[in-house]
Amino acid sequence: RHAIVELSTAESWGLLREQLVGRLAVLANNHPHPEIFPVNFVVANRTVLFRTAEGTKLAAITVAIGRRVAFEIDGYDATTGEAWSVVVHGMAEMLDRLNDVYAAQELPLFPWEATPKPVFVRIRPRAVTGRRFVATRGPRED
């Protein structure tokens with residue numbers, strides 16, 4: 001019952017489609033450690049898309065364009081005690097072709113902050129992996 005179960009690619013994509021927020025990990029030049037950014041996202045055509053604007057995240061992504069990034073989601077079911085995690089390893093690319101930008105604008109992907117997020121970024125996966133396991137303890141109760 002405490003074994004780690006590897007999720008199929010289809011199960012991992014299913015979990016990705018159900019979530020709204022994930023974490024982008026980028027190793028940018030001149031930084032001694034990876035940067036991690038929470039982003040709201042959508043899945044479209046077996047890619048992960050999110051929006052951003054000028055700032056630290058876009059600067060890190062720009063340096064990482066053409067380089068590998070990681071994207072992670074996770075969850076916990078209090079009724080079953082199961083936890084799960086899905087990781088996407090892939091390449092980040094800013095959408096710059098008008099057809100791609102127009103298609104992305106039609107997706108249900110809206111900034112949560114009031115500031116405009118005009119830049120669309122797509123992660124093209126090289127690998128999508130997931131795992132499920134029974135947590136030894138549930139979330140803390142206050």
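Hi everyone, let's start with Asp77: its relative accessibility is 33%, so Asp77 counts as partly exposed. One thing to keep in mind throughout is that this is a predicted model. Asp77 is found in strand β5. What I like here is the pairing with Ala135: the two are 58 residues apart in sequence, yet their C-alpha atoms are 9.5 Å apart in space.

Now on to Ser85, which sits in strand β6, running over residues 82-94. Is Ser85 buried or exposed? Its relative accessibility is 16%, and buried means under 20%, so Ser85 counts as buried. Its side chain has a partner, too: a polar contact of 3.1 Å links it to the side chain of Glu72. Leaving aside residues up to four places away in sequence, Ser85 touches Glu72, Ile73, Asp74, Thr129, Gly130 and Arg131.

Ile73 brings us neatly to the core. The largest nonpolar core has 26 residues, and Ile73 is among those with the most contacts inside it, along with Leu16, Leu24, Phe50, Phe71, Val86 and Ile123. Which elements supply it with at least two residues each? Those are the helices α1 and α2, plus strands β2, β3, β4, β5, β6 and β7. Another core, of eight residues, lies apart from it, and includes Val42, Val101, Ala104 and Leu109.

Last stop, Phe50. Again not counting residues up to four places away in sequence, Phe50 touches Leu24, Val39, Asn40, Phe41, Lys57, Ile61, Leu109, Val119, Phe120, Val121 and Ile123. For context, nonpolar side chains tend to be buried together in soluble globular proteins. Thanks for listening, everyone!

Key. Residues are numbered from 1 along each chain as its sequence is written. This is a predicted model: local features need pLDDT of at least 70, side-chain atom pairs count only at pLDDT 80 or more; totals for chains, interfaces and linings use all residues. Side-chain values use heavy atoms; hydrogens and water are left out. Helices (H or I, at least four residues) and strands (E, at least two) are DSSP runs, numbered from the N terminus. Buried means under 20% relative accessible area, exposed over 50%, partly exposed in between (1.4 Å probe, protein chains only). A polar contact is a pair of N or O atoms within 3.5 Å; within protein, one must be able to donate a hydrogen and the other to accept it, and residues adjacent in sequence count only if both atoms are side-chain atoms. Contact means heavy atoms within 4.5 Å. A nonpolar core is a set of buried Ala, Val, Leu, Ile, Met, Phe, Trp, Tyr and Cys residues joined through side-chain atoms within 4.5 Å.
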